[in-house]
Amino acid sequence: MLTAEKKKYTKEDYESLDEGAPFQLINADLIMSPAPTSYHQILTARLYKLIDSYLERSDIGGICLFAPLDVHLADENIFQPDLLYIAEERKAELIKDYIEGAPDLIIEI
């Protein structure tokens, strides 16, 4: 019995999706993410506000960002974590139209 090979997707395939398409590229597979629940959104917003407020009050610097925002770790791995933090000294290195490389902190709810 012959079986069809499963298609592996590339960074180029992922980037050709419509903006806002609910997918992540994980180990060269397109994985669809359902819309978050209201509780998920409330928790994300509260955590973002706490982190952002702390960053504004302190001299630690950096930036807190939230999904949807692509984090490119490799050509076959592009994630959209719920929240992420990038230290001040790494902002220029990582922030493009997407995040290129590992943020200093990722929070997945």
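Start by selecting β3 together with strand β6 (residues 83–86): the two pair in the antiparallel sense over four bridges. This is a predicted model, so treat the tour as a walk through a prediction.

**The sheet**

Now add β8 to the selection. You have an open sheet of three strands, ordered β3-β6-β8, with antiparallel pairing. β3 (63–66) and β8 (105–107) stand at the edges with a single partner strand each, so one side of each has no neighbour in the sheet. From one strand to the next, the twist averages 15 degrees.

Next, bring up helix α2 (residues 38–57). Helix α2 packs on the sheet and touches β3, β6 and β8. Its direction makes about 165 degrees with that of β3.

**Ile63**

Zoom in on Ile63, which sits in strand β3. Opposite Ile63, in β6, is Ile86. Put a distance label between Ile63 and Tyr85: they are 22 residues apart in sequence, yet 5.6 Å apart in space, C-alpha to C-alpha. Leaving aside neighbours within four places in sequence, Ile63 is in contact with Leu55, Leu84, Tyr85, Ile86, Lys91 and Ile95. With a relative accessibility of 27%, Ile63 counts as partly exposed.

**The cores**

Select Leu69, Val71, Leu84, Ile86, Leu94 and Ile99, and show their side chains: these six residues are the largest nonpolar core. Centre on Leu94. Not counting residues up to four places away in sequence, Leu94 touches Ile86, Ile99, Glu100, Gly101, Ala102 and Pro103. Then switch to a second, separate core of five residues, among them Leu55, Cys64, Leu83 and Ala87.

**The salt bridges**

Colour by charge for the last stop. The count comes to five salt bridges.

Pick Lys7 and Asp13, whose closest N and O atoms are 3.6 Å apart in a salt bridge. Lys7 is partly exposed, at 47% relative accessible area, and Asp13 is also partly exposed, at 24%.

Move on to Asp29 and Lys8, a salt bridge with the closest N and O atoms 3.2 Å apart. This pair links distant parts of the chain: Asp29 is in strand β2 (residues 29–32), while Lys8 is in the segment before α1 (11–15), 21 residues apart. Is Asp29 buried or exposed? At 16% relative accessibility, Asp29 counts as buried, whereas Lys8 is partly exposed at 45%.

Finish at Arg90 and Glu93, whose side chains meet in a salt bridge (3.5 Å, N to O). Arg90 is partly exposed at 21% relative accessibility, and Glu93 is partly exposed at 45%. Add Asp104 to see Arg90, Glu93 and Asp104 linked in a network of salt bridges.

Methods. Residues numbered from 1 in each chain as written. Predicted model: local features only at pLDDT ≥ 70, side-chain atom pairs only at ≥ 80, totals over all residues. Heavy atoms only, no water. Pairing = 2+ DSSP bridges. Axes fitted to C-alpha atoms, helices over the stretch in contact; angles between N-to-C directions. Contact = heavy atoms within 4.5 Å. Buried < 20%, exposed > 50% of the residue type's maximum accessible area, 1.4 Å probe, protein only. Core = buried A, V, L, I, M, F, W, Y, C linked by side-chain atoms within 4.5 Å. Salt bridge = Lys/Arg side-chain N within 4 Å of Asp/Glu carboxyl O.
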